[in-house]
Amino acid sequence: MDCPNNHGKMELKKIAKEVTFRGRQVKYRPEHFVCRSCGLVADDWKLAASNQKALSDAYRRTVGLLSGEEIVEGRKKLGWNQEQLAKAASVGIASVKRWEGGLIQTKSMDTILRRVLTGKETRKDSYTGNRSWVSLPRIKLVLGEFGKALGRKILRSSDKGVLYAGKYLFYADMIAFRELGQSMTGASYAAMPHGPQLDNYRDLVDSIQVADEREAEPLTHQEKRIIRRIAKAFPNDQSIYRAVHEEEVFTDKKPGEHILYTEADRLCQI
Ligand SMILES: [Zn+2]
């Protein structure tokens, strides 16, 4: 880049900086073009982008989140491409690209990324329906899809809203496991007095409300078809309430006992 004041070629220089970013003091070293004669400092669009990324990485290191660089390194160590990491973390590939490129991940996504990249989380079983953990963004995505199919919002913060949303999720996860070999959300279910319900649903509901469904692995066509089928079979809260209470996987359980995904074959209302 040439100096706009006609001093010829400018020099590339790293300059130590300390800025307040998201309420934290962050130290980093952005790179700029500097004129040797008049001291003018300038960025081209490429430098501006890499400086923004450097700030994001410095911030993430400061607050204990994986930096974009660390995510790339961890992924490469496993020999994975971005798609493989997205799959393992149950997120969309666009999220992986954004995090590696400088977008700051939430604390809960950071925890999941760490588990995936260190290979520490390998629990895939009949409690999670062959997923490694419960994905709150995906729960929100599935509930949103039910909302579209039913033409009404089913995630409400009232007790009753919680009660019914959980039953739609129960069928979506169980039927997906039965027909596709994997649950949609990784949630575990227990037999509660008012029917099958997500483990700790009451504690989860606030987190689900604020979860970002754009972080979730997008729903496949097959998953969307299952959701539409369930919505068609149970158009209102009363019908799904009645159906789950007739399922033997529910009626043969003691209160609080888990309903396993391996029992999905015994479901008979859908
Ligand atoms: Zn100059």
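**Reading a zinc site, two helices and some loops**

Me: What arrangement do the 4 donor atoms around the zinc ion make?

Reply: In this predicted model, the arrangement is tetrahedral, because the 4 donor atoms around the zinc ion subtend angles of 105 to 114°. As a general guide, the ideal angle at a metal is 109.5 degrees for four tetrahedral donors.

Me: Which residues are the protein donors of the zinc ion?

Reply: Cys3 and His7 donate through SG and ND1 respectively, and Cys35 and Cys38 each through SG. These donors lie 2.2 to 2.3 Å from the zinc ion. Along the sequence, the spacing of the donor residues reads C-x3-H-x27-C-x2-C.

Me: Are Cys35 and Cys38 buried or exposed?

Reply: Cys35 has a relative accessibility of 3%, so Cys35 counts as buried. Cys38 has 36%, so Cys38 counts as partly exposed. The cut-off for buried is under 20%, and exposed is over 50%.

Me: Next, the backbone. Which sign of phi do most residues other than glycine have?

Reply: Most residues other than glycine have a negative phi. In this structure, Arg22 is not a glycine, yet its phi is positive, near 50°. Ser90 also has a positive phi, of about 55°, although Ser90 is not a glycine.

Me: Where are Arg22 and Ser90?

Reply: Arg22 is in the loop between strand 2 (17-21) and strand 3 (24-28). Ser90 is in the loop between helix 3 and helix 4. Arg22 counts as exposed, because its relative accessibility is 56%. Ser90 counts as buried, because its relative accessibility is 8%.

Me: Now a helix. How many residues has helix 5, and what is its reach?

Reply: Helix 5 covers residues 107-118, which is 12 residues. From the first C-alpha to the last, helix 5 reaches 17 Å, close to the 16 Å expected at 1.5 Å a residue.

Me: Which residues of helix 5 are buried?

Reply: Met109, Asp110, Ile112, Leu113, Val116 and Leu117 are buried. These residues are on the same side of helix 5, because they cover an arc of only 165° around the axis. Lys107 and Thr118, on the other side of helix 5, are exposed.

Me: What covers the buried residues of helix 5?

Reply: The cover includes helix 2 (68-77), helix 3 (82-89) and helix 4.

Me: What is found at the N-terminal end of helix 5, and what comes just after helix 5?

Reply: Thr106 caps the N-terminal end, with a side-chain oxygen 3.2 Å from the backbone nitrogen of Met109. Just after helix 5, Gly119 has a positive phi of about 70°.

Me: Which residues of helix 8 are buried?

Reply: In helix 8 (residues 201-210), the buried residues are Tyr201, Leu204, Val205 and Ile208. They cover an arc of only 115° around the axis, which puts them on the same side of helix 8. On the other side of helix 8, the exposed residues are Arg202, Asp203, Asp206 and Val210.

Me: To finish with a single residue, where is Ser95, and which residues is Ser95 in contact with, leaving aside its neighbours within four places in sequence?

Reply: Ser95 is in helix 4, which covers residues 93-101. With those neighbours left aside, Ser95 is in contact with Arg214 and Glu215. The relative accessible area of Ser95 is 2%, so Ser95 is buried.

Technical notes:
Residues are numbered from 1 along each chain as its sequence is written. This is a predicted model: local features need pLDDT of at least 70, side-chain atom pairs count only at pLDDT 80 or more; totals for chains, interfaces and linings use all residues. Side-chain values use heavy atoms; hydrogens and water are left out. Helices (H or I, at least four residues) and strands (E, at least two) are DSSP runs, numbered from the N terminus. Buried means under 20% relative accessible area, exposed over 50%, partly exposed in between (1.4 Å probe, protein chains only). Contact means heavy atoms within 4.5 Å. The expected span of a helix is 1.5 Å times one less than its number of residues. The arc is that of the directions from the helix axis to the C-beta atoms. A polar contact is a pair of N or O atoms within 3.5 Å; within protein, one must be able to donate a hydrogen and the other to accept it, and residues adjacent in sequence count only if both atoms are side-chain atoms. Donors are N, O and S atoms within 2.8 Å of the metal (3.2 Å for Na, K and Ca); water is not among the atoms, so sites may look incomplete. Four donors count as tetrahedral if all angles lie between 85 and 135 degrees; four count as square planar and six as octahedral if opposite donors are over 155 degrees apart and all others between 65 and 115; anything else is irregular.
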